[in-house]
Amino acid sequence: TRGILGKNLPIVLNHVSNSRSLRPIQPKAGAFMMLSYDEDINSSELAERLRIEKSLLIVPGDHFGMDGWIRIGFGDKTDEIEEGLRRIDELLAGC
């Protein structure tokens, strides 16, 4: 698990650093990361749209009292993480 997370964390951070909309809170441990976004959409609404339109599951930040943020996991296959990030960017670009 450490190997997977160690490989995927830099990939996620690199993607986010090149994203127009996303900014991270880098985790100290674990397989989850909080990302803020600039678009004017409630995080629960964004999560629902990602689920329906992009077949992607994330946790809305307002479940933690952090609207304008989402929580993603990065402990899966690298290509699936990259595809999920691409889908988030794609949906946010259309907001």
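What follows is a chat between a trainee and a mentor about a predicted model of one protein chain.

Trainee: Hi! How many helices and strands does the chain have?
Mentor: Hi there! This is a predicted model, and its secondary structure comes to 3 helices and 4 strands.

Trainee: Which pattern do they follow along the sequence?
Mentor: Reading along the sequence, you get α-β-β-α-β-β-α. The radius of gyration is 12 Å, close to the 12 Å that the globule rule gives for 95 residues, so the chain is as compact as a globular protein of that length.

Trainee: Nice. What does the C-alpha trace span along its principal axes?
Mentor: About 35 × 25 × 20 Å.

Trainee: And what share of the residues counts as buried?
Mentor: Of the 95 residues, 38% count as buried. As for the surface, the accessible area comes to about 5600 Å², and 50% of that belongs to carbon and sulfur atoms.

Trainee: How far apart are the mean positions of the positive and negative charges?
Mentor: They are 6 Å apart, with 12 positive and 15 negative charges in the chain.

Trainee: What about contacts between residues at least 6 apart in sequence: what share joins residues at least 24 apart?
Mentor: That share is 59%. Helix α1 has a nice example to look at, namely L9. Leaving out residues up to four places away in sequence, L9 touches Q26, P27, M33 and F74.

Trainee: Is L9 buried or exposed?
Mentor: L9 counts as buried, because its relative accessibility is 18% and the cut-off for buried is under 20%. You can also compare L9 with G73: they are 64 residues apart along the chain, but their C-alpha atoms are separated by 9.9 Å.

Trainee: What about V12, where is that one?
Mentor: V12 is in helix α1 as well. Its relative accessible area is 0%, so V12 is buried.

Trainee: Which residues is V12 in contact with, leaving aside its neighbours within four places?
Mentor: The list is M33, I72, F74, I81 and L85. M33 and F74 may ring a bell, as L9 touches them too. For a distance to check on your screen, try V12 and R2: they are 10 residues apart in sequence and 15 Å apart in space, C-alpha to C-alpha.

Trainee: Changing topic: where does S21 lie?
Mentor: S21 is in the loop between α1, residues 2–17, and β1, residues 22–25. With a relative accessible area of 5%, S21 is buried.

Trainee: Which side chain does S21 have a polar contact with?
Mentor: With the side chain of E39, at 2.8 Å. Beyond residues up to four places away in sequence, S21 touches S36, Y37, D38, E39 and L92.

Trainee: Y37 is in that list. Which other residue should I look at for Y37?
Mentor: Try S43, which has Y37 among its contacts. S43 is found in helix α2, residues 43–54.

Trainee: What else is S43 in contact with?
Mentor: Apart from neighbours within four places in sequence, the contacts include P60, G61, D62, D67, G68 and W69. S43 counts as buried, because its relative accessibility is 0%.

Trainee: And N42, where is its place?
Mentor: N42 sits in the loop between β2, residues 32–37, and α2. N42 is partly exposed, with a relative accessible area of 30%.

Trainee: Which residues does N42 contact, leaving aside neighbours within four places?
Mentor: Y37, D62 and D67. With D62 there is also a polar contact between the two side chains, at 3.1 Å.

Trainee: How far is N42 from I11 in space?
Mentor: They are 26 Å apart, C-alpha to C-alpha, and 31 residues apart in sequence.

Trainee: Last one: what is the phi of S55?
Mentor: S55 has a positive phi of about 50 degrees, although it is not a glycine. That is worth a look, because most residues other than glycine have a negative phi.

Trainee: Where is S55, and is it buried or exposed?
Mentor: S55 lies in the loop between α2 and β3, residues 59–60. At 62% relative accessibility, S55 counts as exposed.

Terms used
Residues numbered from 1 in each chain as written. Predicted model: local features only at pLDDT ≥ 70, side-chain atom pairs only at ≥ 80, totals over all residues. Heavy atoms only, no water. Helix = DSSP H or I, 4+ residues; strand = E, 2+ residues; numbered from the N terminus. Rg over C-alpha atoms; globule rule 2.2 N^0.38 Å. Buried < 20%, exposed > 50% of the residue type's maximum accessible area, 1.4 Å probe, protein only. Contact = heavy atoms within 4.5 Å. Areas by Shrake-Rupley, 256 points an atom, 1.4 Å probe, with all protein chains shown as cover. Lys, Arg positive; Asp, Glu negative; His and termini not counted. Charge placed at Lys NZ, Arg CZ, Asp CG, Glu CD. Polar contact = N/O pair within 3.5 Å; in protein donor to acceptor, adjacent residues only side chain to side chain.
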